[in-house]
Amino acid sequence: MLKKDIHLYSHQAEAINKVRAGNNVVIVTPIASGKTLAFNIPVLEAITKDPKSTALYLYPTKALTNDQLKVLRELEKETGIQAYPNVYDGDTPQSQRASIRENSKIILSNPYGLHQYLPWHYKWRSFLGNLKFIIIDEAHVYRGVFGSNVAMLLRRLMRICNYYHENPQIIISSATIANPKEHAKKLTGKDFEIISNDGAPRGQKTFMFWNPPFIDSTNTTRRSTHQETKDLLTISITKNLQTLCFTTSRQMAELITRWTKEDLRKKSSQLANAVTAYRAGYLPQERREIENRLKTKSLIRVVSTNALELGIDIGSLDSVIISGYPGTVISTWQQARRAGRTNAGSLVTLIAFQNPLDQYFMKHPKDFFGRPHEQAIIDLHNRYISLGHVMCAASKLPLTETDKKYFPELFQESIQALEQQNLIRKTPRGYVYSGTARPVEVITLESITDKTVTVTCNGTILETLTLKKAYEEAHAGAVLLHQGETYISEELDLNKLTAKVKQENVNYYTEAIKTVDVAIKKTLEEKQIGIQVGLGELTTTEFYHTYVTKSYDEVVERNPLNLPPLSFSTVGMWFIIPEEIKKEIEDRGLDFDGGIHAAEHAMIGMSPIFAMCDRWDIGGLSTPLHPDTGKPTIFIYDGLEGGIGISENLYQHIKPLFEKTLELIDNCECKEGCPSCIYSPKGGNENKPLDKKAASIILKRL
Ligand SMILES: [Zn+2]
C-alpha cells in the first residue's frame, strides 16, 4: 500500500510505460528532474512480481552511489517492497560482501568495481542469474577513452548475464548531449527508446554573463576573475541566497572559500562559517558530511570544483556562480542547472577569464546559447582497448566464436594478437586466458595510473593527491589549501610518496610553473605526402622549475623548484613545416609561431572526427625548432600513458585532417580566432600566441 501520494511528471510516466513494454530506455533530462523515480518504479515493480529479480545500478562516482542508496532505502521503507538495496564497491567491508551478493535485490556500484568483480562471476551467480535491469546513470560521463572502456566492460557484463540465461533491460540517464540515442547504443550495443521531454516545472532562470571591469585607463587589463568571483559570492551570501560556486581548479575552490570567509567575517562570523570548499582529495567522510550539511541547509554556500557537477541531490539553490568557462557546453549547462529546480526564479552568473575563449563568449553571448551540446564519442574500433577487454573476457569463461556478437568490431584481430602474445590459448572449451598477471589489473579504465601522495599534518592524514598534483601543490615551500585553511609543505618525499605540512596562517599562495618537452623515442612509421609525417613513441616530460608566491593574484616572489622531471611514454604523430612556408608567413608580416600554434589547436579540435575520441584525450606541442627534427614541427599525441591508438588514426588520416581543419578556420566568421576554430578550451596561457591568418596559410600550403 502506498503511503506517499506520488504524482508523476509526463516524462516519468512515458519512461515507465516504455520500460513496462520491454524497451531499453534512455532518459535525457536536465539534472534531478525526477529521473530516479523513472528507474526505481519499474525495478521495484519487477521485484514485487518476482522476488528473485535483481537490478544493478552503475554510477560514475562513489558519492553518487551513496546518495542514491539513501533514496532507495527511503522508497523501500515507504513501499514495503523488500529490495535490500546496498552499495558494493571498494569501500564495502569484506565481511559484508557475501551477504550483499546473496540478499540484495538492488546493488549500486561503479565501473571500476564492476571491472574487478566480473572475473568472480560465479560468486555473483544468484544476482546475475536474476538480473532484470541494468541502470546506468550520468551516461554522458562515459565518453572518450573512459567511455570506450566502459562500453567494452558492459559487453563483458552482458555476456556473463547471458551465460546465466538472463538478458537484462537497460535504463540509461544522460545529461543533454548531441547524440543520446547513438551514445546509448554504442555504450551497450542495444537499441533504445528515447525520452527527452522534461515535464518537470521550472522557475525562470536568469543567465548573467559577467565580464570583470577594466582597471586601467587604457582599457586593456581587467580586474582579476578570482577577486570578482569572491565579491559576487560575498554579495550573494549577504543577500541570503543559497549559492554554489564552481571554479576551474581545486586551488581556486580553496582560495575563493578563504577570501570569501575573510570578507564575511567582518560582517558576521555565522555567515563566514556557512561557507565551505568541496573538491576531490578530501577524505570520503569529510565529503559525506558536506553533502549532508548542504542538503539539510545547515550549510548553504559551497565553493566547488566540478566535483559537484554530477547529480548528487543537494536540493534547490537560488544562485550558481561559474568562475571561468568550464571548457564544454555540456559542463556549463550541468553547472548552471544546479540553480532553480523548483518554481522559484534563480540566477546563474558566468564570470569570464581574460582569455580569448571566455572573452569570445562575453562578446558573443548568442553564440553560447545557440551552440549545440558536444557529442559524446565512443570508439569501438580501438584495438588497444578491445584487446584488453577481450583478454579479460577470456579469463574465467572461455571465449568461443559465438562471443563475436559481443565484440563484433575487432573480435578476430584481438584473438589473433592475444594468441601471438601467449596471453590466451586454444582449448576444447574455447580460448582461455594464459597470462600470468591478473588480467583486470593490466588495464585501467580511465587514464594513467598515477601514484598517490599522502599528506599528513602532525601525524594525521589530511588528504591524498596524485603525484602530479603533489608537484603543483605539495612541494617544499608550497601553500596547500584545505577547507580554506593554509598549510605550508615542509617536505615532499618522492620515495615514500608522502608530504608533511604544518598549519600556518598566511595570506599568500603558491603556483608551480612548468614547461613541457616532447622527445621522439622511436620512429615507427614515416611517410612523404609533400611534407614529412611521422608516427612514433614519444616521451613527454614536464619540468617544474619555478614556483611563484602570489597574494591576491599578484606575484610577489619567485623561487626555484628542485624536482625531478615528470615523464610519461606515449604514442604520437608529428609533421614538419617546410622552410618555404615559414618564409612566406614571415614575408607577409604574420606571426609564424602563432600560426603553427593556432593550427595545432584547430587540428586537435577537429581530431575527434577522425580518431573518435574526446579532445581531452589528446595533447599537442608546436615549436618553430624541434631538437629531434631540427625543423618547425607540430606534434599531436595520445594524452594517456602508452598511447591508445588516437595518433595512429590521425597519422593515417592526416590529409583529410588538414583539409577539414583548413575548412573550419576559413569558414569561421571570426576575424582573429574564436572558440569555434583556434582557441583551446584548456585556457591559461594556452591561447597565446595565436595567428589565425598565418594558420590558414600554413594549412593551405600543407
Ligand atoms: Zn573562429
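Exposed, in these notes, means over 50% relative accessible area, and buried means under 20%. I'm working from a predicted model.

**Zinc site**

I went to the zinc ion and looked up which residues hold it. Its ligands are the SG atoms of Cys668, Cys670, Cys674 and Cys677, at 2.2 to 2.4 Å. Along the chain I read the donor spacing as C-x1-C-x3-C-x2-C.

Next I checked the geometry. The angles that the four donor atoms subtend around the zinc ion run from 94 to 118 degrees, so I noted the arrangement as tetrahedral. For reference, the ideal angle for four tetrahedral donors is 109.5 degrees.

Then I looked at burial for two of the cysteines. Cys670 has a relative accessible area of 17%, so I put it down as buried. Cys677 comes out at 4%, so it is buried too.

**Positive phi, His165**

I turned to the backbone. His165 is not a glycine, yet its phi is positive, about 65 degrees. I found His165 in the loop that links α7 (144-163) to β6 (169-174). Is His165 buried or exposed? Its relative accessibility is 72%, so His165 goes down as exposed.

**Positive phi, Asn422**

Another entry of this kind: Asn422, also not a glycine, has a positive phi of about 60 degrees. Where is Asn422 placed? I located it in the loop between α17 (411-420) and β14 (424-427). With 56% relative accessibility, Asn422 counts as exposed, because the cut-off is over 50%.

Key. Residues are numbered from 1 along each chain as its sequence is written. This is a predicted model: local features need pLDDT of at least 70, side-chain atom pairs count only at pLDDT 80 or more; totals for chains, interfaces and linings use all residues. Side-chain values use heavy atoms; hydrogens and water are left out. Donors are N, O and S atoms within 2.8 Å of the metal (3.2 Å for Na, K and Ca); water is not among the atoms, so sites may look incomplete. Four donors count as tetrahedral if all angles lie between 85 and 135 degrees; four count as square planar and six as octahedral if opposite donors are over 155 degrees apart and all others between 65 and 115; anything else is irregular. Buried means under 20% relative accessible area, exposed over 50%, partly exposed in between (1.4 Å probe, protein chains only). Helices (H or I, at least four residues) and strands (E, at least two) are DSSP runs, numbered from the N terminus.
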